[in-house]
Amino acid sequence: MGIPVQGEHGAEPLWRPDGPDLLLHGDNLVALRALPEASMQLVYLDPPFNTGRTQQRRTTRSVRDPEGTHLGFTGTSYSRTVEALSSYDDSFGDYWAFLAPRLVEAHRLLRDDGTLYLHLDWREAHYAKVALDALFGRECFLNELIWAYDYGAKSRRRWPTKHDTILVYVKNPATYWFDSESVDREPYMAPGLVTPEKAARGKLPTDVWWHTIVPTSGGEKTGYPTQKPLGVLRRIVQASSREGDWVLDAFAGSGTTAAAARALGRRSISIDESPDAVRIVSARLDLPITVVPRPSTAG
Ligand SMILES: C[S@@+](CC[C@H](N)C(=O)[O-])C[C@H]1O[C@@H](n2cnc3c(N)ncnc32)[C@H](O)[C@@H]1O
């Protein structure tokens, strides 16, 4: 199980169920492939957005290679879907050639009761929905979360776009874990319309989450440009994992997921290829950095 890695863990496997929280520096596809099947309760992915510019085409072949990507019975329809969408839009094709094999790995790593959260902007969400329906199966689609914020410049030529979309898929719709009771509640919009007890307790969040971006001053800010608010990740971790469960973030950035996991008594794996990101996560969570070997030296 697992590839040996340099650094802290010497020739040990990359991950052990009873091991410490991990911070991995390197390409997440290499790291994800080194982790064992059905080992993670929660996978959160916040990939860089598709800017519309041509991205580096890295792994198109693996999308089409059932041997290489462990696609399982949904693999054929998934590969066909991704290829069909790719031929429709060039920038999408390049972006998804990058993202698709990572989604396949996320699906493989989820436990039977586990959940994937894929955080995207409005330009990609509809493509992602089609591709994930084909990978997981439509019956595994749980929610489309809208994270709405109100910050920054506003266009006068269209409705200002002030939301991100988080697609939620479960590995198994019959056995997935979801605990709405342990989620932080929010104030009622019209507290006068409910009893004082209800107003004091607050209401369960819906699939639309109004939440400020990370404040530009204050303790939460790490300086990492794409940092997501802790409050958003807290909800995700609270609802879709239990204490002691493993939570994986393969595009860790500033380590928001791991910070939420730590605060809530979960264990975490954070992966990022940026030296700045892993330095920030290491300082934020007091974690050693483990270097993931380059593909040529792996496995
Ligand atoms: C949108 S940011 C994530 C922000 C994060 N959710 C947070 O709260 O700070 C995307 C991250 O993905 C990382 N990344 C992009 N491609 C990667 C790859 N192939 N392997 C590992 N990390 C990658 C980037 O370095 C960047 O830190």
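Strands β7 and β8 (residues 267-272) run parallel and are joined by 4 bridges. This pair makes a good starting point for a walk through the model, which is a predicted one. Within the pair, L248 stands opposite I269 of β8. The chain also links the two strands through a helix: β7, helix α9 (residues 256-263) and β8 together make a right-handed β-α-β unit.

Strand β8 has a further partner. Strand β1 (residues 22-25) runs parallel to β8, and 4 bridges join them. Here L22 is the residue that stands opposite I269. I269 is thus a handy landmark, facing L248 of β7 as well as L22 of β1.

How many residues of β8 are buried? The count is 6 of the 6, so β8 is largely enclosed by the rest of the structure. A little background helps in reading this strand: in a regular strand, side chains alternate between the two faces of the sheet. In β8, R267, I269 and I271 lie on one side, while S268, S270 and D272 lie on the other. Both faces are covered, since every one of these residues is buried.

Strand β7 (residues 246-249) can be read in the same way. On one side sit W246 and L248, on the other V247 and D249, and all of them are buried. Both faces of β7 are therefore covered as well, as the burial cut-off of 20 or more other C-beta atoms within 10 Å makes clear. Besides β8, strand β7 pairs with β2 (residues 40-45), in the parallel sense and over 3 bridges. In that pairing, V247 of β7 is the bridge partner of L42.

Turning to the ligand, which residues are closest to it? They are F251, G253, S254, T256 and S274, out of 18 residues that surround the ligand. One of these, T256, falls within the residue range of helix α9 (residues 256-263), the helix of the β-α-β unit. Sorted by class, the shell around the ligand holds 6 nonpolar, 7 polar and 5 charged residues.

Stepping back to the whole protein, its secondary structure comprises 10 helices and 9 strands. Of its 299 residues, 39% are buried. Contacts that reach across the sequence can be described too: among those between residues at least 6 apart in sequence, 70% join residues at least 24 apart.

Notes
Residues numbered from 1 in each chain as written. Predicted model: local features only at pLDDT ≥ 70, side-chain atom pairs only at ≥ 80, totals over all residues. Near = placed C-beta within 6 Å. Nonpolar A, V, L, I, M, F, W, Y, C, P; charged D, E, K, R; others polar. Buried ≥ 20, exposed ≤ 12 C-beta atoms within 10 Å, placed from the backbone. Contact = placed C-beta atoms within 7 Å. Pairing = 2+ DSSP bridges. Right-handed = clockwise from strand over helix to strand, strands pointing away.
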